[in-house]
Amino acid sequence: MIRSEKTRLRAVLVLQVLVVTAAYFAAGRLGLLRQVEVQSSVVTPLWPPSGIALAALLYLGLRIWPAIALGALLTVISMSDGLTFWGLAVATGSALAPVCSYLALRMVGFRKELDRLRDGVALVFLGALGGMVISATSGTGVQVLSGGLSPGQFWPVWSAWWAGDAMGVLMVTPLLLVLHKARMPRRDDRWAEGLALAVVAAGATAIATRSSLSMIYLLFPVLVWAALRFQLAGSAPCALLMSVMAIIAGTDGVGPFADHSVLQIMLNLCILNGCVALTALLLAAIVTEHNNIRHETEVACEELAALVEELAPRPPAQGLPDGPRSGRDQGLSGR
């Protein structure tokens, strides 16, 4: 029995490693569909594998790190002619960054439900902006050491690399974390409002990212609507949709990104995606925390009312004497 249980646990772990590896590699191939060249170095405005890796660690723990390392290694091999020492160094940095982000989040008591403002702030500054410094530094540093980049090209490439990895965490990780609470919708759910939100989000994003009138600001009222009414379950998909469509427009050089250089497009995309992610994540966390506090307060009030009702003195029942009878009455009643 013990041996069969150990075999089952090992089989589950192997399956999880294979699934995470495949997801990491597939997300990497998907992210490379919109690659750009900054100082002759290939970077992506949004790198989904970093978000998948951190979400896998938050769900499954450190035991899943071999899957992240294997996925990063396969992705690097697919981008080059084969496995080299420099490619192995890049894969190591890409795998180490989400692990460090996970350890930092665990140190501050991060909860993957993202139901507190502190969790949203921790994911932004520790999980995304802080942890992805490792992958950007190692990847860009390897290119400088190998002679692919000159020292003067370090910072432009580093900035683009770091922004792409950080945006992957900010856009993909919240969406995967919200799936933990996914359920089949009930009949009384707000179907009409959810459908209207999806239609408005798609339409507003298409106009904002394709129009030459620079109407990017249209995105933020939609994000506020999604966060206030549906919390992270609504704001996370909207933020990812907006980011992807903005990246497509930017790499195509249309709409507000027309007649811009590659560096200008990358800078605009980083600022836009960062603002979208911050608005979606932090506002949803604030609303969720407020709703939880209100629910806890209502429950506490109900419990207090029940306790007061239980401890309150009860009036005497009708038909019974108010107190003990006198000795004379007791004597007469004994005859």
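**Close-up 1. Trp158 and its stacked partner in helix α7 of a predicted model.** Trp158 is buried in this predicted model, because its relative accessible area is 14% and the limit for a buried residue is under 20%. The rings of Trp158 and Trp162 have centres that lie 5.7 Å apart and planes that meet at 10°, so these two rings are described as stacked. Because Trp158 and Trp162 are four residues apart in helix α7, about one helical turn separates them. Trp162 has a relative accessibility of 24% and therefore counts as partly exposed.

**Close-up 2. Trp155 and Trp158, an edge-to-face pair.** A pair of aromatic rings is described by two values, the distance of the centres and the angle of the planes. By the rule used here, the count comes to four aromatic pairs. For the rings of Trp155 and Trp158, the centres are 5.5 Å apart and the planes stand at 75°, so the pair is edge-to-face, since an angle over 60 degrees is what that class requires. Both residues belong to helix α7, which covers residues 154-178, and they are three residues apart, about one turn of the helix. Trp155 counts as exposed because its relative accessibility is 57%, whereas Trp158, at 14%, is buried.

**Close-up 3. The aromatic cluster of Phe154, Trp155, Trp158 and Trp162.** These residues, namely Phe154, Trp155, Trp158 and Trp162, form one aromatic cluster. Within the cluster, the pair of Trp158 and Trp162 is stacked, while the pair of Trp155 and Trp158 is edge-to-face.

**Close-up 4. Asp119 and its surroundings in helix α5.** Asp119 is found in helix α5, which is made up of residues 117-130, and with a relative accessibility of 1% this residue counts as buried. The side chain of Asp119 is joined to the side chain of Arg116 by a polar contact of 2.8 Å. When residues up to four places away in sequence are not counted, Asp119 touches Gly109, Phe110, Arg111 and Leu114.

**Close-up 5. Leu228 in helix α9.** Leu228 is part of helix α9, which spans residues 219-230, and it is partly exposed because its relative accessible area is 46%, a value that falls between the limits of 20% for buried and 50% for exposed. Along the chain, Leu228 and Ser40 are 188 residues apart, and their C-alpha atoms are separated by 43 Å.

Technical notes:
Residues are numbered from 1 along each chain as its sequence is written. This is a predicted model: local features need pLDDT of at least 70, side-chain atom pairs count only at pLDDT 80 or more; totals for chains, interfaces and linings use all residues. Side-chain values use heavy atoms; hydrogens and water are left out. Helices (H or I, at least four residues) and strands (E, at least two) are DSSP runs, numbered from the N terminus. Buried means under 20% relative accessible area, exposed over 50%, partly exposed in between (1.4 Å probe, protein chains only). A polar contact is a pair of N or O atoms within 3.5 Å; within protein, one must be able to donate a hydrogen and the other to accept it, and residues adjacent in sequence count only if both atoms are side-chain atoms. Contact means heavy atoms within 4.5 Å. Rings of Phe, Tyr and Trp (its six-membered ring) pair if their centres lie within 6.5 Å; planes under 30 degrees apart count as stacked, over 60 as edge-to-face and the rest as tilted.
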